[in-house]
Amino acid sequence: MRPKILGAVVFIVLFTGVVFAQEPPLKSITYRLSMSRPVSHLFEVSILIELPDELKDKPLQLQMAKWSPGRYGVFDFAKNVQEVRATTGLCPLQTRCGDVSVRPVTRVDDQTWSVAPMRSTALTISYKVFANDLDGTFSQLDTRHANYNGGSIFMYVVGHKPDPVKLEIIAPTGWKIVNGRTEHPGQTTWQFPNWDILIDTPTEIAPDWTLDTFAVGEKKYHVMVHSFGAEGGKRAALVKDIEKIVRAEVAMWGPPEFEEYTFLLHFAADDRSGDGMEHLTSTQIIQPGALGEPGVYDSTLDTVAHEFFHVWNVKRLRPFELGPWDFTRPANTRGLWVAEGFTNYYGHLMTRRAGLWDDKKFLDREALTISRVEYAPGNRLMSAEESSLSAPFIDGVQHEQLTNLQNTAISYYPKGELIGMVLDLLVRGRSKGKSSLDDVMRDMYEEFYLQGPNGSYYLRGRGYQTEDLERVVARRTGHDFGDFFKRHVRSVELLPYDEAFGHVGLRLVKTQAKEPFDAGLWIEFEDRKAKVSAVINNSPAEDAGLQAKDQIVSLAGKNVGEDWQKTLARFKTGDAVPVTVKRDRRTINTTLVLRQPERFDYKIEERPDATSEQKALRAKWLTGK
């Protein structure tokens with residue numbers, strides 16, 4: 001059934017391309033972005049459109065995307081659009097159109113507006129967008145800066161996403177502009193081959209960001225830092241460590257396809273804004289703390305290693321469904337466990353190869369991921385492919401309706417990370433060290449991106465399906481990996497850790513978790529109130545009748561604080577712990593009977609009988625040499 005469905009998708013995409021090709025391109029599309037009143041959080045957008053004569057009597061439709069690439073939840077950006085208007089003529093730069101004729105604008109649906117040219121061949125469509133979220137998906141305008149992600153700001157002309165577009169930015173006095181396609185200081189206009197590339201270029205506009213530059217090979221890299229808190233004198237060291245990561249990843253892949261690349265780093269110091277998002281010639285990374293604070297430096301480098309790996313994996317080598325996109329419906333791909341999960345794995349491995357981690361730190365990090373994934377209830381219910389298809393439900397989405405996803409879902413990030421690591425070790429072991437997942441990824445990049453026939457206007461090459469990865473692994477190693485993909489990618493069987501680690505003289509040690517109890521619930525704190533965030537199925541908490549959203553008034557007769565687990569730790573298996581909760585307008589008293597914990601911790605350690613050949617294979621894996 002699945003191949004037939006995918007075949008239908010291919011037909012629809014190609015057919016749509018034919019429809020677009022039959023309509024003549026617009027003579028020009030220019031986007032103008034201004035921000036005359038930052039305190040209002042309102043971006044002001046104008047789209048200046050020149051129409052060919054054959055389209056001057058045809059209604060023109062414009063849409064806001066429902067989501068944007070890299071974040072697969074549906075966010076309906078149109079909800080923050082206001083004051084959509086259309087006039088004839090092209091408004092000159094930095095002026096208000098005066099002697100113009102208004103053209104009717106009709107809202108067609110939740111994301112679409114229709115404009116009647118009425119025989120005019122030049123139109124200016126204007127609107128405002130409210131934006132106050134510093135994020136890799138959304139945008140923010142305030143008195144400190146403007147930061148935007150194009151998918152949340154710029155409408156596209158339906159049927160004309162492939163058309164070339166121009167961008168003009170009118171910044172407040174004294175504010176500077178930087179993005180991954182900035183060619184010179186003071187630049188305010190850009191040309192893009194299509195709308196998709198326009199929105200793939202996040203931009204920072206502020207008076208006080210800094211810019212450092214280094215070179216690797218013949219490519220230039222820029223590190224923009226915008227700090228809302230103290231840097232602690234760490235910026236120079238950060239740039240040097242970012243360079244080490246770049247060198248390690250370029251050493252694996254080879255020279256990247258761009259000439260220049262920009263890291264847009266924001267240290268928000270607001271304790272809530274945090275994200276990382278990949279783009280063709282840049283990445284946008286937001287940390288909730290200040291650079292000078294403990295842990296923020298390392299967290300930044302961890303995110304840098306992940307996002308820069310996306311230069312190749314996802315942004316160019318990509319699953320079939322990832323570009324160009326239909327922004328009227330969620331993206332559906334089976335391949336996010338490769339796109340994001342493998343990138344998680346390689347982000348950690350590249351940090352080791354860059355010399356920023358030692359062997360122990362890398363192995364401890366992967367062991368922690370194993371502990372978390374193997375403990376997650378959804379890991380045995382949701383396969384890697386199903387997790388990828390469920391991205392619109394689990395990728396940073398806020399749910400108004402209560403769900404059971406804590407018990408049924410698993411993220412494709414850590415699940416794909418472990419599949420990637422195990423697959424890498426199996427490829428190395430079964431090929432006697434002649435091949436690796438590095439080789440497989442390079443083969444995929446060559447076949448599907450560099451040499452593949454163009455599948456669309458968006459980028460060179462074409463997308464792959466997970467069956468293609470399986471085929472390339474078999475070709476590279478000379479071994480059939482069909483059973484591995486069937487059992488561990490399309491089903492939920494335990495990964496073959498013993499075989500994988502054994503190839504490099506390591507073993508996975510499983511021990512009972514330190515917690516002396518199993519309660520089966522998660523607690524979060526809102527306004528200093530303890531609330532149940534989730535209840536594990538078939539657990540003591542479920543037996544006690546606890547539910548998500550219950551406010552816990554007391555636990556074992558005491559007020560509940562952040563150290564609530566220490567309160568339970570005083571009890572042992574079989575003890576009955578009194579619990580009082582508030583639900584709706586009721587106060588409920590119940591009893592939590594603790595069970596023997598079923599959670600285990602994992603550690604990756606060297607086998608005492610590791611051979612010299614296994615140790616050599618391990619060294620090559622960890623160093624890339």
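Accessible areas here come from the Shrake-Rupley method with a 1.4 Å probe, and for residues only the protein chains shown count as cover. On that basis, the accessible surface of the protein chain is about 27600 Å². Carbon and sulfur atoms hold 50% of that surface.

Some ground rules. This is a predicted model: local features need pLDDT of at least 70, side-chain atom pairs count only at pLDDT 80 or more, and totals for chains, interfaces and linings use all residues. Residues are numbered from 1 along each chain as its sequence is written, and side-chain values use heavy atoms, with hydrogens and water left out.

Now the overall fold. Of the 625 residues in the protein chain, 55% are buried, meaning under 20% relative accessible area with a 1.4 Å probe, protein chains only. The C-alpha atoms fill a box of roughly 80 × 65 × 55 Å along the principal axes.

On to one residue, Lys415. Is Lys415 buried with a salt bridge or without one? Without: Lys415 is buried and has no salt bridge. A salt bridge would need a side-chain nitrogen of Lys or Arg within 4 Å of a carboxyl oxygen of Asp or Glu. Glu374 is the nearest side chain of opposite charge, 7.2 Å away. For charge, Lys and Arg count as positive, Asp and Glu as negative; His and the chain ends are not counted.

So what does Lys415 touch? Leaving aside neighbours within four places in sequence, its contacts (heavy atoms within 4.5 Å) are Val373, Asn379, Met382, Ser383, Ala384 and Ile410. Look at Met382: its backbone oxygen lies 3.4 Å from a polar atom of the Lys415 side chain.

Technical notes: Buried < 20%, exposed > 50% of the residue type's maximum accessible area, 1.4 Å probe, protein only. Polar contact = N/O pair within 3.5 Å; in protein donor to acceptor, adjacent residues only side chain to side chain.
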